[in-house]
Structure formats: structure tokens, C-alpha cells
2 protein chains.
Amino acid sequence: MKKFIYDESMQFRIMTEKQVKEVHENALYVLENLGMIFAYEEALRLLEKAGCEVDYESQKVKFPRSIVEKCIESAPATFDLYDREGNFYCTFGDGKTRFNPGSSAGNILEADGQTVRLSRVKDLKLLTKVAQSLPHIDFVSSSIVCEEAPGELGSQYLYYTEMQNSVKPIIGGATDAEGVPRTFKLFEAVLGSEENVRTKPYAIFDICVTSPLKWSHIGARNIIDCANMNIPIELISAQIAGATGPVTLAGCILQHTVELLGGLVLAQVVKPGHPVVYGGAPCIFNMKTMYTPMEAMECSMVTAGYAQMGRFYGLPVHTYAAMSDSKIVDYQAGSETARSGLLAMLEGVSNVSGAGGLNVIAEMSIEKMVIDNDFIGTLKHLENGINFDETSLAAQLLIETGSGGNFMNKKHTLKNYKKEQNYSNITMNYQERASWIKEGRADIMDKARAYVAEIDKKTICPLSDERRKALDEAFTEVCKDAGLTEETAKELIRMYDEA
Amino acid sequence: MKKFIYDESMQFRIMTEKQVKEVHENALYVLENLGMIFAYEEALRLLEKAGCEVDYESQKVKFPRSIVEKCIESAPATFDLYDREGNFYCTFGDGKTRFNPGSSAGNILEADGQTVRLSRVKDLKLLTKVAQSLPHIDFVSSSIVCEEAPGELGSQYLYYTEMQNSVKPIIGGATDAEGVPRTFKLFEAVLGSEENVRTKPYAIFDICVTSPLKWSHIGARNIIDCANMNIPIELISAQIAGATGPVTLAGCILQHTVELLGGLVLAQVVKPGHPVVYGGAPCIFNMKTMYTPMEAMECSMVTAGYAQMGRFYGLPVHTYAAMSDSKIVDYQAGSETARSGLLAMLEGVSNVSGAGGLNVIAEMSIEKMVIDNDFIGTLKHLENGINFDETSLAAQLLIETGSGGNFMNKKHTLKNYKKEQNYSNITMNYQERASWIKEGRADIMDKARAYVAEIDKKTICPLSDERRKALDEAFTEVCKDAGLTEETAKELIRMYDEA
């Protein structure tokens, strides 16, 4: 992908070429004159060495234009991802939009669609199995946390669980400073060697800036560790318009640009060419209700803006979408999921986190993820476009059929309907009202529940005994490294097995 | 608007410039070599006089290329609409997307969200009042039929009801051959004079082709009458891919083009320059369930194609969207409404029929229309784009606020939040789960029901006694003209008043 080019190929563009360039110029101005905080000494040293202006006391870093531009140039447009079995999975940033469930929700909406409670390892296990089974959920993720896991363990119990229930690449991250090297050990155990982890990237790590304009100790260290360990990075700004970011959408896009370029420079300074995804999770502050929706239209508009910036920089883009701020799986859930998911695709976003998510992604519904999968299937049908050739245009067929004719009995229909129409569907209702009533009025949640119950009975892509043993050993080591006892590690493994 | 130009300004384009031109060339080829049926002698005579090749026995008309091109040239890109009070309402085709509820549903989904029954005049009265009250429903329409009205009366009882409960322009149509002149009489009574009806268009008439490739007696006569009486026309092909149209989406786009150009030629032959909207209601035939969804993704893809053709011809475009094939107001209803509504807007559609519609628009839900209005409000917020100037970009504010700062207490926030954020909302949930539970867990349908109940208590924009009297007289005349007795007319008026 070329750099510093206005991307005409995106279907939805909210800014003109002039505006994109104006955001870029303003971002460079802010980076050069204000800069931002990096609360981690090694980051300050690395940035100073690269030519940035560093004040160690205030931890502020100012970025000369030339360094920012050089780092934009060195970051790649695409990179390959591999699955748990070491097979090539996809080229990330290839122009396709891929989807993964939620991220880091603390609660689960139970199958009844009403009860919300803290999420546990049994929920993550089931969610991951279901995500593995769904054709349009492309990656798994650290979608929910496990109540059982001690805080010291960060996200390690999540990886431990995810890797045993899916072969799909993981969208993850670290919630503590030691997180990246610890997860690396778990990956190494499952993938077989350090070299495999380094040469066949199996995960992308989300790393969040603290808006406005601060990379925390954890964030800065995660960036450095990921770059050193060859784990692709997804930089994320989750600014809240009107609180941790300007209330104006253009201002949010500017701040987002400044924040991400700061993180990008650090990653490229550590290792030029390291894959960085241009990500975000924009929220707004609703002045009437003091709520911070992630799926208000304004959030999609900010995403549209920063997606244009990311593509201007020749980087793959990420966002949170295809989820909802509703509290239940209702019309609002459907409309927000559809609106934001479709817009993300038309905005040229490579990776969309959110399926299954509700209420500012504080809650996950496994059933909603199943329904979202059906919706995402329709997006992928759209993404494939229309078949356009002599056969599909069918002028001759039209002439043969003529006024008042019927296409139902034509060979052309039988031959083409599976290619032309999307029949990937688990939960949506495409039947007459009468037959629907006759079959018992199953609603969309009923169908999703039935699907989840079926998957729950199955064992899906378990690790071999040997790999499982290696993972358990690595997990125990990681627990000990985090200050936990071997007994706690064993207890966590037991709870996993019983979940 | 220029003619025969590939429209780069549309946000979503499913065909390339080359493909658009190929559809055009193929359509001209089919029009010239196969043509289509017009089952109305006057239409045949008019088309023959204009230079088409007419076979009176088979009623087939073949169209020389030059005539088709001339008629495309003469049809206008925009036209003005007026409200019931004679005030300018909008320029149709000005680049904005406008929305109106459903059309011609025979059933109503009651407020309980479960019970479906035949629709009655009380439903149309309430629906029209609610549509009048909603800020994002731009037009009213013959959204539901009235069980009480005798078949002979066509749509006249609908107009009688709509005009008394809304001042917004009407998207209507005629279901019988005499429909247009009869409705004209009702309009004349309410608008005050024949001249007002002719010079201040207050309605657009939907006229449907019988796919494949046939303009019925009713359709052809409606076109001629509308053109003569200066009522803007919305030509609609409702072909079903795989049944009354080719199963291939490209084939559907081609057939749609042929069908609409045929109708367009007739309208322009009657009166060059008469406003014609390039409309459609594409369905697909689901081979698994024998169902014909209107809101499957494939339908939006066909719309994307014919919208490009309509814009290529410099015409305003119409479609059915922002509705759902679900049987209840659930996630599917929300996601299909959002996906199709958003796509229609990005496809540059001027007029979207469908809000409130369910189950292949066989059913209307007034509550869903209220919820759809909220969703449409978010689309209009998107349509307005982002404010982009020095104030909104706020680089200086960013520098003043700096790392770790807070925007909540900034004047900039207070001054701009109402402009930047969409606060038009009746039913969507933008609050914390805790406060939602505390307030009684009102779901989206509860809120819509409460809104409808409030409107139900009100009288909204009634006609003056004088205008009402004129309308009653005209309605009675129309009833008699349709072969009904004066007593039946009085009974219908009484039922209206009691509804």
C-alpha cells in the first residue's frame, strides 16, 4: 500500500482529501509542539535515541516531523497470520474485513437473555468453542475475563482457555506490564518453539493509549515487548468525546491521530517494519444520561475519520463495531450492530472487534454472537460484490423468457442460485408467518440458544495430550512468575477442566 | 444533474463505470429487440406515434434506441414537493435521503408486538398521526389498507384518511385504472383548486410494472393519467430474483433497467419533462423456504445496482428499505432495517419506503415506525457529515488540555455538544444498566408504545371545517363514481370519524 495517498477505494469516506491532509498537518504540529507522555523510562530512552525531544522529569516526548514520517513509512500495510496449528490463516490488511468477538467484558448475559453476572472460565470456554464453530467469526479473542483468575495473572488464564478451544488466531493483549513475555511462554508451549511464535504470528495484541495523550507504563512496555517478540500490535485509542477527548468529531479524529502516531513511532523505533494496526474504540459522552455509548452514530463517524487516516498512512485499520449499547438482544442491538458493522466494512476496516458485545462491551452474549455471525455473513456476501459477466447479466435469457415469463423453472436459476444467494443462516427468519407459527414461533434467541447448546455438548479442536501437558507446565510457570503458588495454578487448571 | 455520467459521488457503488455502461447497452438491446407488453390501447397508440414499433395484437412494443435516449434526457433530476397547506416542502432529488412508512400492508402488528390482524381505518389514522409527529419520517404514505373500504374504492379511503391527519406530502398510488383521476378530485377538494394540485405537487404516485416486462392496463393508464395531471410518478419494479426475474443479481439489474426505461418512455411521450422517480422493490426467491424476502442482502445489492443506473440517467431514485422480513420487532428487525436503510442512503436513494414494515411488508407496526424514526435520525446525523473547521479540529484546545487533561469542563464542550451529537431519541437505551433496571427495565417496545399512546390522545393538524366539508363531498362523489351508494360513502365517513 502506498503511503500518504488519499484512499479513493474506500466506499465510505467522511473527509475530503484536503481534510485528511489538514488532520495530518495538525497532528504533526501537535506532536512536534506538545508531544505526549510516555510513563516508562525505557521508552523515553529509545525515543530520545531516535531523535525525539525528551523531558525525563515530566516524561514528555516531542516528535520531530521527520521521525514521525519515517516511522509511518517503515510500518507495513499487511502481515500474515497463522493458526494454532501453524497453518497460514490470512493476510491481515488484504482488503477484507474480518470479525472477532467483543473484548475483555467482565460480565456475561446468560442464555435467558435477561440475567447478567460476572463471567467465568466456563463462559469463555463455551464462547471460544462457539466462535471457533461459526463461519463468519474470523478470530477468537480475550472476549471475556474469568472471575476465577487472580488479578496478578493478568490475561494469562484467558489465553490458556482460548488456545484449548479454537485454532483461529487470537486478538488479545496484556493488562499488565509483564503480560507480553508471559503470554509468549504460553504460545511457545502450544506452538512448539520460540521460533514458531516469532515467525508464524498467531495473535495480535491490543495496546491502549490513556487519552488524552498518554502512553502508560504498561502500554509503553507492551509496545516495546511486542516489537521485540514479533507480536503484531493493534494500537487503540478509546477516547470519550467530551470527556477524554474533544466533543467535536473532527477534534477526536485529530487527537486519535496524534495518540496513535506517538505509539507507532515507539514501535517502529524498537523495530522498523514491525506490524502495527491502526485501531480505535471511540466513545462519546452523552450529556443527558452521563452514559458513554460506543455504538452511537458519532462513534462510527469518528471511526470513519481515523480509518481514513490509517489508510492514508498505508496501515491496516481496526475498530470496535458490530456490537451494541443495548442491555438485551433486541431491535437496538440489531440496528447498532448492523449500522456500525456495515459502516466499518465500507470504511475499509480490516479487523472489527465486537460481535456478541452489549452495553459498552461490559457484557457479552454468546447467543448474540451467534446471531451477529448471521448478520456478518450477509456483509461478507456484500463484500464479494455482484458476479458480472455474460451469464449473470443474462440478456439472452431475458429475451427468451419475455413478458409474463417465469424464471423459476429455468436451468439458469438452478445452476446459479447457490452462488448468487447467501444461504448461511442459523437464526434469522426467512419463512412465511403461517409456517413460523406452525413451527412454534421460535424467536431469534431461541434458535441461537439451541445452536449454543449443541456446541456445548461437543469437544472442539482439543490440544493433543503432549501439547496440553506443555501448556499446563508453561501456565504453572507463568503463575509462579506472577507470584502465585503452584497450588493456585493447579486449582485454576482443575477449574478449567471442570468448567 | 448530468445524464449518462457515472456517478462518483455515491458513497456505495456496486458496479464499475464499465459495468454501468454495459447494463445500459444491454438494456437498449433488449428494448429494441424484445421490447415489452403494454396492456392498454392508448399507451400503444401513444408509443407508436412517438416512433416505437407496436404490435397491437400481442400488445408488444419495441423501442428504438434514439427514443429511449431522448426520454432519458427529458426527464428531470429534481422536482419540488409541497405540503397539504400549499407550502414548499422540499426539492425531491436534492441529494438528501427521505423516508416514508411502509406501503399498502394489509395487516397491522398490534401494540403487543405479537398479534397480527387485518388493518382498519383506525390503524391508518393513528399511523398517519404518528408519522406526522415524527421528525425523521419525511412523507406519509398509503402505508396500510383499510379492511372497511370496499374493493371498488381502490385507494381513495386511504387518501381520505391520510389527508386529515398529516400535512406531509403523500407517497401514494392507484390500485385501479380509475384511481388517478379520482384521487385528483380528493386533492382538489383539500388543496382548494385544480391549479393548486397541478402546480404544487403534493403526492408522488407509485406505479408498478408486472415483472417480467409487462405494463398492465392499470399501470399503463396510471402513467398516462399522472403525466397528464402533473402528479410525479415513481416507477417500481418488484421483480423476484429466481421467479419473476433472473436469479443472478446482474440479471435483475438488467431486467429492472429494461422495465423502468419502458415506463419512463411512456411518461415522457405523454409529457416530456414529467417527473419520474427511478424506483424499485426487489425481492429474492429463497429456494430453501419458498419465501420471498424484500430485505435480504441480495435485495440491497440489486438496489445498489439500479440506483447506479437511475443516477446514470440523472433521475432521483427510490427503494424499499429500512424495514424487515422478521415477524416481530426483534434483533432481525433492527439489523435488516439498519443495513438496508444505511445502504439506501449510501446508494444515493432519494426516497426510502418501508419504515414500520415487517414480513415482506405484509404487516406494519406503528411502534416499529417510532423506533425506526430514531434509527433514521442517526442516519441523518451521518448524512450531515462532520463539522470541519478550526474550532471543530481544536488543535489549540488539544495543546492547552494536554496529556491527562479533561475536556468535560471546557467551554468548547458545552458550546458544541448539541451540534456534534444527535440527541433526537424516543426509544433507544443510552443509560447505565443500573439506572435502566431502577427505572423498571422499559424495553424498546414499551417506550414506543408509550409514545404512540400519547399521540393517540391528540388531534394532529385537522382540516378546517370548510376543507373537511369539501373533502367529504368529493369523497362521496368518488364513491358514487366507483359504483357505491351515497349511504356507503356516509357509512365510511362515519367509520372514519368513530375510528
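**Figure 1. Helix α12 and the strands it covers in chain A of the predicted model.** In this predicted model, helix α12 of chain A, residues 366-383, lies across β6 and β18 of chain A. The helix runs at about 175° to β6(A). The strands β6(A) and β18(A), the latter formed by residues 351-355, run parallel and are joined by four bridges. Within this pairing, A:Arg98 stands opposite A:Asn351 of β18(A).

**Figure 2. The three-stranded open sheet of chain A.** The strand order is β6-β18-β17, and the pairing is parallel. At the edges are β6 (98-101) and β17 (318-320) of chain A, each of which pairs on one side only. From one strand to the next, the twist averages 25°.

**Figure 3. The open sheet of chain B and helix α12.** Three strands of chain B form an open sheet with parallel pairing, in the order β6-β18-β17. Its edge strands, β6 (98-101) and β17 (318-320) of chain B, each pair on one side only. Neighbouring strands of the sheet are turned by 25° against each other on average, direction ignored. Four bridges connect β6(B) with the parallel strand β18 of chain B, residues 351-355. B:Phe99 has B:Val352 in β18(B) as its bridge partner. Helix α12 of chain B (residues 366-383) lies across β6 and β18 of chain B and runs at about 175° to β6(B).

**Figure 4. Relation of chain A to chain B.** Chain B is superposed on chain A by a rotation of 180° with 0.0 Å of shift along its axis, and the RMSD is 0.0 Å. The two copies are therefore related as by a two-fold rotation axis. Both copies use the same surface, as 99% of the contact residues of chain B recur in chain A.

**Figure 5. Packing of helices α1 and α3 in chain B.** Helix α1 (residues 17-33) and helix α3 (residues 65-74) of chain B have axes that come within 9 Å and cross at roughly 125°. An angle from 115 to 145 degrees falls outside the perpendicular and antiparallel ranges, so α1(B) and α3(B) are oblique to each other. The crossing of α1(B) past α3(B) is right-handed. On the α1(B) side, the contact is made by B:His24, B:Glu25, B:Leu28, B:Leu31 and B:Glu32. B:Arg65, B:Val68, B:Glu69 and B:Ile72 contribute from α3(B). By type, the residues of the contact of α1(B) with α3(B) are four nonpolar, one polar and four charged.

**Figure 6. Packing of helices α4 and α5 in chain B.** The axes of helix α4 (residues 121-133) and helix α5 (residues 156-165) of chain B come within 9 Å, with a crossing angle of roughly 40°. Angles under 35 degrees count as roughly parallel, and α4(B) and α5(B) are therefore oblique to each other. Their crossing is right-handed. The residues of α4(B) in the contact are B:Val121, B:Leu124, B:Lys125, B:Thr128, B:Lys129 and B:Gln132. Those of α5(B) are B:Tyr157, B:Leu158, B:Thr161, B:Glu162 and B:Asn165. The contact of α4(B) with α5(B) comprises four nonpolar, four polar and three charged residues.

**Figure 7. The cis peptide bonds before A:Pro212 and B:Pro212.** In chain A, the peptide bond from A:Ser211 to A:Pro212 is cis, with omega near -5°. A:Pro212 belongs to the loop between β11 (203-209) and β12 (214-215) of chain A. In chain B, the bond from B:Ser211 to B:Pro212 is cis, with omega near -5°. B:Pro212 is placed in the loop between β11 (203-209) and β12 (214-215) of chain B.

**Figure 8. Loop residues with positive phi in chain B.** B:Met290 is not a glycine, yet its phi is positive, at about 60°. The residue B:Met290 sits in the loop between β16 (283-284) and α10 (297-312) of chain B. B:Ile361, also not a glycine, has a positive phi of about 50°. The loop that holds B:Ile361 is the one between β19 (357-358) and β20 (363-364) of chain B.

Notes: Residues numbered from 1 in each chain as written. Chains lettered and ligands numbered in written order. Predicted model: local features only at pLDDT ≥ 70, side-chain atom pairs only at ≥ 80, totals over all residues. Heavy atoms only, no water. Pairing = 2+ DSSP bridges. Helix = DSSP H or I, 4+ residues; strand = E, 2+ residues; numbered from the N terminus. Axes fitted to C-alpha atoms, helices over the stretch in contact; angles between N-to-C directions. Contact = heavy atoms within 4.5 Å. Least-squares fit on C-alpha atoms with pLDDT ≥ 70 in both. Parallel < 35°, antiparallel > 145°, perpendicular 65-115°, else oblique. Left-handed = near helix turned anticlockwise from the far one by under 90°. Nonpolar A, V, L, I, M, F, W, Y, C, P; charged D, E, K, R; others polar.
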